[in-house]
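Biologist: I am new to this structure. Please take me through it one step at a time.

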Amino acid sequence: MRNLALRVVLIIGLTVSLVGCSPTFNWRTLRLDSVGAQALMPCKPSYSSREVPLLDSQSNVLLHMQACDVGETTFAVSWLNVPAEQNIQTAMSRWLSATLASAGIKGKVHPMDWSVAGTDFAKRYAGHGERHDGNTSAVAIAIAQRGSSLVQLGVYGAKPEARETEEFLQGLRW
């Protein structure tokens, strides 16, 4: 009887400690109205937007972003519309380069196929970057294009959960 009680206490204690250490995912769908898409987020995001130069210093575009943290992992969705007079491929390439630089990726990134229904282009990239505190961060970036609209998803963290990262990246819908 004493062994049974000890086992029950140990199991409850272990369960409580594991639940206390695991991040909480609270999935929700975000509407990206200005590009006509939606994305799946694992937590309640904060919204921000600002004008950024995309191809030249003469014309800016409005960049939207929603991001949130689960544990030590950041999930981010960004989107914008490229003006008709600008080249979409060049804009996409420059935006990706700026994102990789911002994530501290100095080495190679590994491009992977990514399928998003209704897009003209979709690609995923993975690499390791350096955070502002000097620690290494795993980085997963995905960028999709439909017409003049671009959506970029990013996951940044020391050890992001593979299943949740995949669910987040597969949550983009057009």
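Biologist: In what order do the seven strands of the open sheet lie?

Modeller: The model is a predicted one. Its open sheet has antiparallel pairing. The edge strands, each paired on one side only, are β3 and β6 (110-113). The order of the strands is β3-β4-β5-β9-β8-β7-β6.

Biologist: Which strands does α2 touch where it packs on the sheet?

Modeller: Neighbouring strands of the sheet are turned by 20° against each other on average, with direction ignored. The direction of α2 makes about 15° with that of β9. In packing on the sheet, α2 touches β4, β5, β7 (121-130), β8 and β9.

Biologist: Which residues lie closest to the centre of the largest pocket?

Modeller: The largest pocket has a volume of about 700 Å³. Its lining has 29 residues, and these divide into 13 nonpolar, 11 polar and five charged. Elements that each supply at least two of them include α2 (88-102), β8 and β9. Closest to the centre are Met65, Thr99, Ser102, Ala103 and Tyr156.

Biologist: Which residue in β5 does methionine 65 stand opposite?

Modeller: β4 (60-70) and β5 (73-81) run antiparallel and are joined by seven bridges. The residue in β5 opposite methionine 65 is serine 78.

Biologist: Is glycine 147 buried, partly exposed or exposed?

Modeller: Glycine 147 lies in the loop between β8 (136-146) and β9 (149-157). Beyond its neighbours within four places in sequence, glycine 147 is in contact with Ile88 and Asp120. Its relative accessibility is 40%, so glycine 147 counts as partly exposed.

Terms used. Residues are numbered from 1 along each chain as its sequence is written. This is a predicted model: local features need pLDDT of at least 70, side-chain atom pairs count only at pLDDT 80 or more; totals for chains, interfaces and linings use all residues. Side-chain values use heavy atoms; hydrogens and water are left out. Helices (H or I, at least four residues) and strands (E, at least two) are DSSP runs, numbered from the N terminus. Buried means under 20% relative accessible area, exposed over 50%, partly exposed in between (1.4 Å probe, protein chains only). Contact means heavy atoms within 4.5 Å. On a 1 Å grid over the protein atoms alone, a cavity is a set of points where a 1.4 Å probe fits but cannot get out, and a pocket is an open set with protein on both sides within 12 Å along at least five of seven lines; lining residues have an atom within 4 Å of a point. Grid points are joined across faces, edges and corners, and a volume is the space filled by probe spheres set on the points. Ala, Val, Leu, Ile, Met, Phe, Trp, Tyr, Cys and Pro count as nonpolar, Asp, Glu, Lys and Arg as charged, and the others, Gly among them, as polar. Two strands pair if DSSP finds at least two bridges between them. Axes are lines fitted to C-alpha atoms, for helices over the stretch in contact, and angles run from 0 to 180 degrees between N-to-C directions.
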